[in-house]
Amino acid sequence: MAIERIESGPRMSQAIIHGNTVYLAGQVGAPGQSVTVQTQEVLKQIERLLAAAGSDKSKILTATIWLADMADFGEMNAVWDAWVGGKDAPARATGEAKLATPAYKVEIIVVAARD
């Protein structure tokens, strides 16, 4: 089974397609912005990458959300809930972690189907 890479660079690919599964790299928003703005940007990036891979947000199987500070959970979750829209909600985990730079407040990783 062939592997397709989307937006590959020397260190990583933004998305990998293997069979009918799409694996996205962790997506982050503009450093220094609010959690709301970063989350909105990340979700737009996820939609764009999934479209490039022949999928969409309704086909997300799992999401892993990393927050630099769990105190931001409610703010991030409000954006997420509006985006998911109460249907097609994937399995999800949320945790706190040091991200690549303190200016990043949220990082989201998803796996989606293509069918």
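The following dialogue examines a predicted model of one chain and the reasons behind the terms used to describe it.

Biologist: How do you know that the chain is as compact as a globular protein of its length?

Modeller: The chain contains 2 helices and 7 strands, arranged along the sequence in the pattern β-β-β-β-α-β-α-β-β. Its radius of gyration is 14 Å, and the globule rule gives 13 Å for 115 residues; the two values are close, so the chain is as compact as a globular protein of that length. The C-alpha trace spans about 40 × 35 × 20 Å along its principal axes.

Biologist: Which contacts join residues at least 24 apart in the sequence, and what share do they make up?

Modeller: Contacts between residues at least 6 apart in sequence form the reference set, and 68% of these join residues at least 24 apart. As for the surface, the accessible area of the chain is about 6200 Å², with 53% of it belonging to carbon and sulfur atoms. Of the 115 residues, 37% count as buried.

Biologist: Why is strand β2 called largely enclosed by the rest of the structure?

Modeller: A residue is buried when its relative accessible area is under 20%. In β2, 5 of the 6 residues are buried, and therefore the strand is largely enclosed by the rest of the structure.

Biologist: What makes β1 and β2 a pair?

Modeller: Pairing requires at least two bridges between the strands. β1 and β2 have 5 bridges and run in the antiparallel sense, so they qualify as a pair. Within this pairing, Ile-6 stands opposite Ala-15 in β2. The two strands form a hairpin with 4 residues between them.

Biologist: How many bridges join β2 to β3, and in which sense do these strands run?

Modeller: There are 4 bridges, and the strands run antiparallel. Ile-17 has Val-22 of β3 as its bridge partner. β2 and β3 also form a hairpin, with 2 residues between them, and Gly-19 in the turn has a positive phi of about 65 degrees.

Biologist: What makes the unit of β5, helix α2 and β6 right-handed?

Modeller: The test is to view the strands pointing away from the viewer; the crossover is right-handed if the path from the first strand over the helix to the second runs clockwise. β5, α2 (residues 73-84) and β6 make a right-handed β-α-β unit. Its strands, β5 (residues 60-67) and β6 (residues 91-96), run parallel and are joined by 6 bridges. One of the bridge partners in β6 is Arg-92, which is matched with Ala-63.

Biologist: Where is Ala-91, and why is it called partly exposed?

Modeller: Ala-91 is in strand β6. Its relative accessible area is 48%, and since partly exposed covers the range between 20% and 50%, the term applies. Leaving aside neighbours within four places in sequence, Ala-91 is in contact with Leu-61, Thr-62 and Ala-63. Ala-91 and Ile-65 are 26 residues apart in sequence, with their C-alpha atoms 11 Å apart in space.

Biologist: What makes a set of residues a nonpolar core, and which residues have the most contacts inside the largest one?

Modeller: The members must be buried residues of the nonpolar kinds, joined through side-chain atoms within 4.5 Å. The largest core has 25 residues, and those with the most contacts inside it are Leu-24, Ile-46, Trp-80 and Ile-108. The elements giving two or more residues to this core are β2, β3, α1, β5, α2 and β7. α1 gives the most, with 6 residues. In soluble globular proteins, nonpolar side chains tend to be buried together.

Biologist: Which residues does Ile-108 contact, beyond its neighbours within four places in sequence?

Modeller: Ile-108 is in contact with Ala-25, Gly-26, Gln-27, Val-42, Leu-43, Ile-46, Thr-64, Ile-65 and Trp-80.

Biologist: Why is Glu-7 called partly exposed, and what is its phi?

Modeller: Glu-7 lies in strand β1 (residues 3-8). Its relative accessible area is 41%, which falls between 20% and 50%, so Glu-7 counts as partly exposed. Its phi is near 50 degrees, a positive value in a residue other than glycine.

Biologist: Where is Asp-88, and what is its phi?

Modeller: Asp-88 is found in the loop between α2 and β6. Although it is not a glycine, Asp-88 has a positive phi of about 55 degrees. At 41% relative accessibility, Asp-88 counts as partly exposed.

How values were computed: Residues numbered from 1 in each chain as written. Predicted model: local features only at pLDDT ≥ 70, side-chain atom pairs only at ≥ 80, totals over all residues. Heavy atoms only, no water. Rg over C-alpha atoms; globule rule 2.2 N^0.38 Å. Buried < 20%, exposed > 50% of the residue type's maximum accessible area, 1.4 Å probe, protein only. Contact = heavy atoms within 4.5 Å. Areas by Shrake-Rupley, 256 points an atom, 1.4 Å probe, with all protein chains shown as cover.
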